[in-house]
Amino acid sequence: MLPYGHQIVDEADIAAVAEVLRSDWLTTGPKVAEFEAAVAAFTGAKHGVAVINGTAALHTAMAALGIGKGDEVIVPPITFVASANAVLYQGGTPVFADVEAGTLLLDVEKAANAISPRTKAIVAVDYTGQPADWQALRKLADAKGLFLLADACHSLGAGIEEGQIERKCGTFADISALSFHPVKHITTGEGGMCLTDNAALAEAMRRFRNHGIGQTAKEREEAGAYHYEMQSLGFNYRLPDINCTLGISQLKKLPAWLQKRRELAALYTEKLKGSAAKPLARRAGTSHAWHLFMVRVPAQKRDIVYAAMRKAGIGVNVHYEPVHLHPYYRQHAGTKEGLCPVAEAAAKELLTLPLWPGMEEKDVDFVTQNLIKALG
Ligand SMILES: *Cc1c(COP(=O)(O)O)cnc(C)c1O
């Protein structure tokens, strides 16, 4: 089966991890800050706070922004459930605002209409690896006094043109959340990171991932002091040095992998031209990180095409069924069909094609030939 996404781990990655296993610090050691600094430098963000997965990154961000009971947070429905679940973890209320018909990114006008006196933040997702309309979102958030949170789990390496330079995803929101799950751009096994330019938010997030305790074990060890203070209620969301060292090694390969993803996406676009499988619309003035290559096929054929592709050994998928239609949200938030009609209609047509940097042109040929055949 050709999977929709897959990690690439080489001998340099393995050697790096083996070296950490022989060191004194398996967790809370020097590799954590090194990985945080490397990812921050890559994106241009000032601070990185590594956590155990992307979901924990979203939760940590919500906590640092002070989301709590009674607060509403605007979330798009076309995303992984974790984007909205993170609001629930803090006792807040996710409010779903529909997506744009072409890109399936958060519709800024719909987000504006969803603002109430209780709204505290907006989450936008750089869905598939394409940047959301961060300029418009920043204008809206500033005008209304709201926080902006980026679910940037798809968009490591993407960016938006600002004059002659490209500003990268991870720098647009007050906090941006990354995931290093094996299907994402780089992997640490499980892993995630919060990026911010705000030192106070970074400090709050470091505390939150460490039980709400200010000092790390290493800092206490170095100070020779037993005393520590728990200042707020946090979690153990720390990312071990074992994982961070894999991340440092993986990050070196990210530019080449991004290039490969872009080449494969261009091949898909070319080979599907004139077929009934339509790629999502592109936003002008942005560069795409291509976490996912999605096509839209006629809704009545989608499940037939899905089954035919799986039978041919092609690991197609669907990203995503709308969050507000999951049984938990229907039961606990009272959401239902009709809340986000654009997302609901699009979701019935979505199909995820395999895309990861270990693929070759012949794999793209294999996928597109089978897709065109399955579409009749
Ligand atoms: C992967 C992903 C997450 C969660 O990341 P994990 O590391 O799996 O917890 C959250 N949001 C989006 C959009 C994702 O793709």
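What follows is a short chat about helix H2 and the nonpolar cores of this predicted model.

Trainee: How do you know that the end C-alpha atoms of helix H2 agree with its 14 residues?

Mentor: Count 1.5 Å a residue, and residues 30–43 should span 20 Å; the end C-alpha atoms of H2 are 21 Å apart, so the two agree. Right after the helix comes Gly44, with a positive phi near 90°.

Trainee: Which residues of H2 are called buried, and what does that word demand?

Mentor: Buried means under 20% relative accessible area. In H2 the buried residues are Val32, Phe35, Glu36, Val39, Ala40 and Thr43.

Trainee: What puts them on the same side of H2?

Mentor: Their arc around the axis is only 130°, which means they sit on the same side of H2. In general, an α-helix has 3.6 residues a turn, so residues three or four places apart point the same way.

Trainee: What do the buried residues of H2 pack against?

Mentor: Strands E1, E7, E8 and E9, plus helices H7 and H9.

Trainee: Which residues touch the most other members of the largest nonpolar core?

Mentor: That core has 48 residues, and the ones in question are Met62, Val73, Ile78, Leu104, Tyr127, Leu149 and Ile175. Helix H3 gives the largest share, seven residues.

Trainee: What does Ile78 touch, leaving out residues up to four places away in sequence?

Mentor: Val99, Leu104, Tyr127, Tyr320, Pro322, Ala343 and Ala347. Contact here takes heavy atoms within 4.5 Å.

Trainee: How many residues are in the second core?

Mentor: There are 41 in that separate core, including Ala114, Ala173, Ile248 and Leu251.

Terms used: Residues are numbered from 1 along each chain as its sequence is written. This is a predicted model: local features need pLDDT of at least 70, side-chain atom pairs count only at pLDDT 80 or more; totals for chains, interfaces and linings use all residues. Side-chain values use heavy atoms; hydrogens and water are left out. Helices (H or I, at least four residues) and strands (E, at least two) are DSSP runs, numbered from the N terminus. The expected span of a helix is 1.5 Å times one less than its number of residues. Buried means under 20% relative accessible area, exposed over 50%, partly exposed in between (1.4 Å probe, protein chains only). The arc is that of the directions from the helix axis to the C-beta atoms. A nonpolar core is a set of buried Ala, Val, Leu, Ile, Met, Phe, Trp, Tyr and Cys residues joined through side-chain atoms within 4.5 Å.
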